[in-house]
Amino acid sequence: MTTGRERFRAAFEFDGGDRVPLFEQSITSSVAGAVLGGEAHTGGMALHWHAAVALYDNRYEAFVERVTRDLVAYARETGLDALGVPWLRSTRPVERADERSFLYEDTATGRRELWRYDAEAGTYGCASSEGPEPTVAEIVNREERALAEKPPKIE
């Protein structure tokens with residue numbers, strides 16, 4: 001049996017292999033759910049909403065495990081040889097404004113943002129903000145500090 005890794009290696013070495021390797025960069029949760037026959041958490045803007053809920057409820061680790069299981073199940077069901085890991089927001093909301101909204105606050109800069117989930121559109125984004133807009137350099141520095149404080153797990 002040829003593995004996905006072997007298919008990719010063959011493709012990069014221009015050695016035909018048994019078939020072209022299959023890869024998908026992102027799989028929205030709604031598509032994965034349709035394929036798997038139930039709710040799935042795999043990607044898309046709605047996933048950011050579910051991450052915010054998990055962070056707020058202190059169950060983020062279990063959420064990440066669920067995302068991993070759903071991605072693997074989707075890859076197995078569809079025969080993918082590789083898939084991209086979804087971008088997950090890791091900023092914990094400070095307050096739940098209402099059933100579909102969270103408030104985020106950066107105490108270092110005084111910036112506050114209200115993010116809202118639109119279930120029909122499957123989107124989660126900033127609905128309003130107040131305080132100074134961070135520069136790109138400030139965002140990069142903040143993310144680098146966060147990464148240094150909590151580096152990703154190798155596995």
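Two residues are said to be in contact when heavy atoms of theirs lie within 4.5 Å of each other. With that idea in hand, let's walk through this predicted model. Leaving aside neighbours within four places in sequence, Ser29 is in contact with Ala40, His41, Thr42, Gly43 and Leu47. From Ser29 we can move on to its helix, then to a pair of packed helices, and finally to an open sheet of four strands.

**Ser29 and helix H2**

- Ser29 belongs to helix H2, which spans residues 29-36.
- Is Ser29 buried or exposed? Ser29 counts as buried because its relative accessibility is 12%, and buried means under 20%.
- The side chain of Ser29 also reaches the backbone oxygen of Ala40, at 3.4 Å.
- Ser29 has company in H2, where Ala32 and Gly33 are buried as well. These three residues lie on the same side of H2, because they cover an arc of only 100° around the axis.
- A general rule helps here: an α-helix has 3.6 residues a turn, so residues three or four places apart point the same way.
- On the face of H2 turned away from the buried side, you will find the exposed residues Ser30 and Ala34.
- What covers the buried residues of H2? Helices H3 and H4 are included in that cover.
- After H2 comes Gly37, which has a positive phi near 80°.

**Helices H3 and H4**

- When two helices pack, the angle between their axes and the distance between the axes describe the arrangement.
- Helix H3 covers residues 45-56 and helix H4 covers residues 60-78; their axes come within 8 Å and cross at roughly 150°.
- On the H3 side, the contact is made by Leu47, His50, Ala51, Ala54 and Leu55. H4 contributes Tyr60, Phe63 and Val67.
- How many residues of this contact are nonpolar, polar and charged? Seven are nonpolar, one is polar and none is charged.
- Leu47 may look familiar: this residue of H3 is also among the contacts of Ser29.

**The four-stranded sheet**

- Strands in a sheet pair through backbone hydrogen bonds, and the pairing can be parallel or antiparallel.
- In this model, four strands form an open sheet in the order S3-S4-S5-S6, with antiparallel pairing.
- Which strands are at the edges? They are S3 and S6 (123-130), each of which pairs on one side only.
- Ignoring direction, neighbouring strands of this sheet are turned by 30° against each other on average.
- H3 packs on the sheet and touches S3, S4, S5 and S6, and the direction of H3 makes about 70° with that of S4.

**Strand by strand**

- Strands S3 (residues 95-98) and S4 (residues 101-106) run antiparallel and are joined by three bridges. Asp98 has Ser101 of S4 as its bridge partner, and a hairpin of two residues joins S3 to S4.
- S4 pairs with S5 (residues 111-118) over six antiparallel bridges. In this pair, Leu103 has Leu114 of S5 as its bridge partner.
- The hairpin of S4 and S5 has four residues between the strands, and there Gly110 takes a positive phi near 85°.
- How many bridges pair S5 with S6? There are seven, again in the antiparallel sense.
- Look for Arg116, which stands opposite Gly125 in S6.

Key. Residues are numbered from 1 along each chain as its sequence is written. Side-chain values use heavy atoms; hydrogens and water are left out. Axes are lines fitted to C-alpha atoms, for helices over the stretch in contact, and angles run from 0 to 180 degrees between N-to-C directions. Ala, Val, Leu, Ile, Met, Phe, Trp, Tyr, Cys and Pro count as nonpolar, Asp, Glu, Lys and Arg as charged, and the others, Gly among them, as polar. Buried means under 20% relative accessible area, exposed over 50%, partly exposed in between (1.4 Å probe, protein chains only). A polar contact is a pair of N or O atoms within 3.5 Å; within protein, one must be able to donate a hydrogen and the other to accept it, and residues adjacent in sequence count only if both atoms are side-chain atoms. Two strands pair if DSSP finds at least two bridges between them. The arc is that of the directions from the helix axis to the C-beta atoms.
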